[in-house]
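Biologist: Hey, I'm new to this one. Can you pull it up and walk me through how the chains fit together?

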2 protein chains.
Amino acid sequence: MQISSRFSVAVHVLTLLAVTPVGELLTSDRMAGSVNTNPVVIRRILGQLKKAGLVEVRAAAGGTYLRRAPADITLLDVYRAVEVVEGDLFSIHDKPNPKCPVGRNIQVALDDTLRRAQAALEQQLAGVSVAQVAAGMGELVG
Amino acid sequence: MQISSRFSVAVHVLTLLAVTPVGELLTSDRMAGSVNTNPVVIRRILGQLKKAGLVEVRAAAGGTYLRRAPADITLLDVYRAVEVVEGDLFSIHDKPNPKCPVGRNIQVALDDTLRRAQAALEQQLAGVSVAQVAAGMGELVG
DNA sequence: GTTATTGTAACAATAATGGTTACAATGAAG
DNA sequence: CTTCATTGTAACCATTATTGTTACAATAAC
């Protein structure tokens with residue numbers, strides 16, 4: 001199964017905030033308009049980004065703004081914030097037969113490989129910042 | 001969400017076949033016993049491995065055997081065979097607002113990065129063979 | 001022919017996802 | 001201090017994937 005679009009929506013939201021003049025706040029309604037979804041979906045994600053310390057959300061007359069410079073937010077930060085994956089990316093069947101040599105050792109044998117695959121993916125995400133994504137907007141708007 | 005355990009089960013199954021004397025076949029029942037699941041679950045996965053040309057399955061008195069040397073089957077082959085992911089690993093929200101600069105460009109901007117992250121993961125899987133996993137069994141059985 | 005086995009359909013339980021409505025709580029602004 | 005736009009969150013729904021299960025026809029070795 002694919003990784004949830006929560007992640008791409010979160011990057012979208014942060015990119016919107018990155019291209020918004022400092023001091024200006026965005027409402028979940030405005031962001032939902034750009035993403036083209038329901039404001040509640042945006043607010044749910046904002047809650048996760050807030051918990052991760054990436055944004056500040058003000059109630060009432062409210063809106064959201066970034067708490068870190070866009071260059072200081074990597075896609076890995078976002079990926080982790082939205083908890084698209086809890087713990088390990090790969091799941092391993094949980095109760096292989098311990099009476100079988102393969103059943104007894106498969107989990108440990110796979111663990112290292114799968115962890116390294118996951119790390120390789122995360123390393124790529126860590127190499128890209130929200131600022132870089134936002135820069136991509138500028139170019140193309142040209 | 002995590003990647004389905006179909007993948008780890010498939011690796012388990014192929015590892016069982018790899019440590020089985022050449023000429024000997026394994027039934028879905030035997031494999032299910034080692035994985036600790038229902039034989040039908042195994043047969044479904046075998047169908048996918050067969051379609052990918054990794055194993056040969058004989059009906060009737062039947063059973064399964066490898067069609068390639070364990071050293072010639074990478075975990076990427078397995079990953080693709082069980083179609084744990086159809087197409088792209090990351091999903092991107094499909095209808096961002098084209099009237100917004102960010103909505104208009106986010107898909108293209110993210111596409112490259114996410115593809116590279118996926119490629120990094122797959123490259124790791126491509127670097128490990130079923131033979132290597134099977135070797136891990138031997139060590140630990142000691 | 002008998003028989004063990006595969007291939008597949010059908011069904012159920014569980015869980016995640018994305019969207020929706022509803023509404024209390026917040027707090028800025030008049 | 002009242003108003004009001006907005007957030008935070010609960011509740012619900014439809015859809016989908018997953019894993020396990022039963023059932024049974026088709027297969028082919030013996």
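Biologist: What turn lays chain B on chain A, and with what RMSD?

Modeller: Keep in mind that this is a predicted model. A turn of 180° with a shift of 0.0 Å along the axis puts chain B on chain A, and the RMSD is 0.0 Å. That makes the relation a two-fold axis.

Biologist: And how many of chain B's contact residues recur in chain A?

Modeller: 100% of them, so the same surface serves both copies.

Biologist: OK, how many residues does each chain bring to the contact?

Modeller: Chain A brings 53 residues, and chain B brings 53 residues.

Biologist: What area is buried between them?

Modeller: About 4600 Å², with carbon and sulfur atoms giving 68% of that. On chain B's side, B:Met1, B:Gln2 and B:His93 supply 14% of the area buried against chain A, more than any other three residues.

Biologist: Switching to polar stuff: how many salt bridges and how many polar contacts cross the interface?

Modeller: The rule finds zero salt bridges between chain B and chain A. For polar contact, though, it finds 18 residue pairs, both residues at pLDDT 80 or more.

Biologist: Which elements of chain B give two or more residues to that side?

Modeller: They are α1 (6-18), α2 (28-35), α4 (75-81), α5 (101-126) and α6 (130-141) of chain B. α5(B) gives the most, with 16 residues.

Biologist: How do the residues on chain B's side divide into nonpolar, polar and charged?

Modeller: There are 32 nonpolar residues, 16 polar and five charged on the side that touches chain A.

Methods. Residues numbered from 1 in each chain as written. Chains lettered and ligands numbered in written order. Predicted model: local features only at pLDDT ≥ 70, side-chain atom pairs only at ≥ 80, totals over all residues. Heavy atoms only, no water. Contact = heavy atoms within 4.5 Å. Buried area = accessible area lost by both parts, 1.4 Å probe. Salt bridge = Lys/Arg side-chain N within 4 Å of Asp/Glu carboxyl O. Polar contact = N/O pair within 3.5 Å; in protein donor to acceptor, adjacent residues only side chain to side chain. Helix = DSSP H or I, 4+ residues; strand = E, 2+ residues; numbered from the N terminus. Nonpolar A, V, L, I, M, F, W, Y, C, P; charged D, E, K, R; others polar. Least-squares fit on C-alpha atoms with pLDDT ≥ 70 in both.
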